[in-house]
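Colleague: I am new to this structure and would be grateful for a close look at a single part of it. Please begin with one pair of residues and then set that pair in its surroundings.

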Amino acid sequence: MIDSRPITAPEIYPIGTIDFPRMEITALENGATLHAYNGGDQDLLRIGIYFQGGSREVGVVEQSLCLATLTEGAVGIDGDDIADILDFNGARIATRCHSHYTGIELTVLNSRLSSVLPVMSKIVSRPSFPVQAIKIAATRAAAQLRLAREQVMTLAFEGFITLMAGKNHPAAFQPTEKDYLDCDRDTLVETWSKIATAKSCHVFVAGKINGNDMTLIKQFVLDLPTSPSLDLSIKPYIAQKPQVLVTEHAGSLQNAIMAGMPAINRNSPDYANLRLSIMALGGYFGSRLMSNIREEKGLTYGISASLAASVDAAYISINAQCNCSYTDEVIRETAKEMNLLKTNPPTGDELSRLKAFAATQLLKSFESPVSIMSQYISQLVVGIPAGYFEEQQKAIDSLTGDIIAVCASKYINTDELRISIGGEASSTLIHI
């Protein structure tokens, strides 16, 4: 029998004040810093080792090839044995490339930690970088680069970073296939010796930690090499003048568009409000750009906007892909929505949806030990200041349409747009 009674939607309750979990921090005598969060109900640990020094300090090719070949052998053990031990114990190693940090993360069951950690120690402290493994990794990287540069979004991104950072900035450096193929073992050995040192190293541990686990992990950290650490090479972006840059890909059926402008960094008191304003513009499915350009006009399958910030720079970016013939219209409509935030900001249900989405995303960032650890790793690698998450919640709770309008008027200026297009060179921007 069908129940014909009307269905009442469940009530929606505000999230309330979030109690942001903290990691316990311990400074070790060899210069490393240990961050630990004990929580969760699974007998699982995530260990992240983050060395100060990334692609800006050692080079993007050198960093990526070091990490690609790190598990292919170490003193006293070859790559096949490493793979067998990891597989047998159900452990996994992942590597992370960042501008100013280099990371290796281990996921392992508590019961298998004592079997896996000695292998992890050899991989991190005494990798062998076999010549054949380097050749394979370099060939693979060169092929991936060649394939990527057949994608219009890659071309748009490379042009965009050049516009935002400046032609001579390290962020705008684009390696060639030859750069990968010419990289040799001596270079990687020297590069890794500069990166892998306990001094200025941060080790993050999250999961169901017991006393014996922590004893093993501390000893692992204390056994890391203690050579001098790399100094961070911070070089602020110097944006080129507002312009349109088209990187041609003949015969492309779609154009990729990346547009943006310099912005305030996370230390500004207006940063949290600007971040929410950009979220209203294009940061979620119900945003202005998605509602207009995707839903109403059908010009693109997806379009998004974000506020990116690091120790080097902060900028607003907007990206989309569309039929080549729609390029100018997408850009015009994007500029229109940017300006409407100043005169017709979100109010009512739209504002409520925005605040609910922002609060949910913030809460989701701290839903498990691993996600908690990820947030504090991000705090390190991109230079997030203390109290950042609390400021985000305060901004969400107090957000109004007027705040968005003021923020948009102050920091969003379509005359400052730098626009990079990857695809058909015949698609040129008309007046916006």
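Modeller: In strand E2, Ala36 is the bridge partner of Glu24. The model in which this pair is found is a predicted one. The two strands concerned, E1 and E2, run antiparallel to each other, and four bridges connect them. Strand E2 itself covers residues 33-38.

This pairing belongs to an open sheet of six strands, in which the order is E1-E2-E8-E3-E7-E6 and the pairing is mixed. Strand E1, residues 24-27, is one of the edge strands, and strand E6, residues 92-97, is the other; each of them pairs on one side only. From one strand to its neighbour in this sheet, the average turn is 15°, with direction ignored. A helix also lies against this part of the structure: helix H9, residues 211-222, crosses E2, strand E3 (44-52) and strand E8 (202-207). With respect to E2, helix H9 runs at about 160°.

A second open sheet may be set beside this one. Its five strands follow the order E9-E13-E10-E12-E11, again with mixed pairing. Strand E9 (244-248) and strand E11 (303-309) stand at its edges; each has a single partner strand, and therefore one side of each is without a neighbour in the sheet. The twist from one strand to the next averages 15° here. The partner of E11 is strand E12, residues 314-323, and seven bridges hold the two together in the antiparallel sense. Within strand E12, Asn319 stands opposite Ser304.

Strand E12 also contains Ser317. Is Ser317 buried or exposed? Ser317 counts as buried, because its relative accessibility of 6% falls under the 20% limit. Apart from neighbours within four places in sequence, Ser317 is in contact with Ser304, Ala305 and Ser306, and also with Phe160, Met258, Ala259 and Gly260. Ser304 thus appears twice in this account: it stands opposite Asn319, and it is in contact with Ser317.

Charged side chains complete the picture. In the whole structure, 17 salt bridges are found. One of them joins Arg146 to Glu177, with 2.6 Å between the closest N and O atoms. This pair links distant parts of the chain, since Arg146 lies in helix H5 (residues 131-148) and Glu177 in helix H7 (residues 177-181), 31 residues apart. Both ends are partly exposed: the relative accessible area is 44% for Arg146 and 28% for Glu177.

Lys178 and Asp182 form another salt bridge, at 2.4 Å from N to O. Here Lys178 is exposed, because its relative accessible area of 56% is over 50%, whereas Asp182, at 47%, is partly exposed.

A further salt bridge is formed by the side chains of Glu416 and Arg418, at 3.1 Å from N to O. Glu416 is partly exposed at 31% relative accessibility, while Arg418 is buried at 6%. Elsewhere, Glu296, Lys297, Glu333 and Lys336 are joined into one network by salt bridges that share partners.

To return to the starting point, Glu24 and Ala36 are bridge partners, and the strands E1 and E2 belong to the six-stranded open sheet, where E1 stands at an edge.

Note on methods:
Residues numbered from 1 in each chain as written. Predicted model: local features only at pLDDT ≥ 70, side-chain atom pairs only at ≥ 80, totals over all residues. Heavy atoms only, no water. Pairing = 2+ DSSP bridges. Axes fitted to C-alpha atoms, helices over the stretch in contact; angles between N-to-C directions. Salt bridge = Lys/Arg side-chain N within 4 Å of Asp/Glu carboxyl O. Buried < 20%, exposed > 50% of the residue type's maximum accessible area, 1.4 Å probe, protein only. Contact = heavy atoms within 4.5 Å.
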